[in-house]
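Take a moment to look over the sequence and the model shown here. Then follow the text from one residue outward to its surroundings.

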Amino acid sequence: MTLLLTLAGSTALAASPEDDYIAARDKAIADITAQESANTAIETIDAQNEKALADLQQRLTALLGPLSVKGFPATGTNNIESLNASDIGYGMLDGLRYAQSDDGPSIVASTRGLTERWLKSKSAETEADFKLPTDIGAALKLDGFYTQAIGSDAAFSGTLDFSLKKPDGADMAIARLGGWTQDVGPIYDQHVVVAIVKGDRVLIAEAPASPAVPKIAACDSIWAAADAAAQKAQQADQGSDQDNPQASDPANAAWEKGDADYRACMAQHLPDDPSFPALLKQAQDLADSMAGQ
């Protein structure tokens, strides 16, 4: 009887596949961090990083199973690009990325549990720019989520949110239009980003906007005026104390306000543009395809 109870208790406490994945990931990160502290050759660290990523990819493949969304491959690659905290692509959302090419449409798939764990880690960030809410629904509405979850070398800047019809069976469906940037100002290469939460799955699709988002003259004028004001303020600061960290504040403030005003203008005018119905359909089609997989 004692043996049976012991076995039953061991089974109940057995680690889940998600627990095993997290343990393997954290051990790999710790090992790489230790190698860096020991000044190990970068070639050795890179090889260890690649080996660990391959192991994690296998674990995620077993955990997630094949993807079945038209136009996307059935198998994916690691969404996390590096386990070395010194590298770009470290700390991205745990999951697999499915794409036919580097610059085409992609889907990042994760589980609700892995996403919630990832958000919990981001909620503990001390810098406001990196802090995210623990609630998935709230996080999916923020630019910072996409920047950190599926981006590696640029920030996501949202233009507007689409009003989607939630697909049958989906718990959440959020679609956004925006672009990737390393600076403020207009982003003419816009993307449609759609997030679906269905049961235990979290799926995030990204595709170049089709048709391309048009330029809107009124919005471009807003940015041009803000840019001119910022450059004028910057020129006025050139003769000021360059050691003063606030010397360029007026210029930066003008650029940031101009950026916000430009995006607000696009959000106001774009729904009336002839291209908008096709953009909305693109978002809805992505949502429906992912929810049906």
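**From one buried residue to its surroundings**

Start with I204. Setting aside neighbours within four places in sequence, I204 touches L93, S106, I107, V108, F145, Y146, I150, V193, V194, A195 and M290. Keep in mind that this is a predicted model.

Where does I204 lie? It belongs to strand β7, which spans residues 201-208. Is I204 buried or exposed? Its relative accessibility is 1%, and buried means under 20%, so I204 counts as buried. Now compare sequence with space. I204 and S110 are 94 residues apart in sequence. Their C-alpha atoms are 8.7 Å apart in space.

Two contacts of I204 deserve a second look: F145 and Y146. Both take part in aromatic pairs. A pair of aromatic rings is described by the distance of the centres and the angle of the planes. How many aromatic pairs does the structure hold? The count is 5.

Take F145 and its partner W118. Their ring centres are 5.7 Å apart, and the planes stand at 90°. This pair is edge-to-face. W118 sits in helix α4 (residues 112-123) and F145 in helix α6 (residues 143-149), so the pair ties together parts that are 27 residues apart in sequence. Both W118 and F145 are buried.

Next comes Y146 with F156. Here the centres are 5.5 Å apart and the planes meet at 55°. Tilted pairs fall between the cut-offs of 30 and 60 degrees, so this pair is tilted. Y146 lies in helix α6, while F156 lies in strand β4 (residues 155-162), so this pair ties together parts 10 residues apart in sequence. Y146 and F156 are both buried.

Now step back. Ring pairs join W118, F145, Y146, F156 and W180 into a cluster.

Another ring has a charge for company. K215 lies over the face of Y188, 4.5 Å from the ring centre.

Return to helix α4, the home of W118. Two packed helices are described by the angle between their axes and the distance between the axes. How do α2 and α4 meet, and at what angle do they cross? The axis of α2 (residues 17-37) comes within 10 Å of the α4 axis, and the two cross at roughly 40°. That angle is neither under 35 degrees nor in the range from 65 to 115, so α2 is oblique to α4. The crossing is right-handed. Which residues make the contact? From α2 come E18, D19, Y21 and I22. From α4 come G113, L114 and R117.

How values were computed. Residues are numbered from 1 along each chain as its sequence is written. This is a predicted model: local features need pLDDT of at least 70, side-chain atom pairs count only at pLDDT 80 or more; totals for chains, interfaces and linings use all residues. Side-chain values use heavy atoms; hydrogens and water are left out. Rings of Phe, Tyr and Trp (its six-membered ring) pair if their centres lie within 6.5 Å; planes under 30 degrees apart count as stacked, over 60 as edge-to-face and the rest as tilted. Helices (H or I, at least four residues) and strands (E, at least two) are DSSP runs, numbered from the N terminus. Buried means under 20% relative accessible area, exposed over 50%, partly exposed in between (1.4 Å probe, protein chains only). A charge sits over a ring if NZ of Lys or CZ of Arg is within 6 Å of the ring centre and within 35 degrees of the ring normal. Axes are lines fitted to C-alpha atoms, for helices over the stretch in contact, and angles run from 0 to 180 degrees between N-to-C directions. Angles under 35 degrees count as roughly parallel, over 145 as roughly antiparallel, 65 to 115 as roughly perpendicular and the rest as oblique. A crossing is left-handed if the near helix is turned anticlockwise from the far one by less than a right angle, and right-handed if clockwise. Contact means heavy atoms within 4.5 Å.
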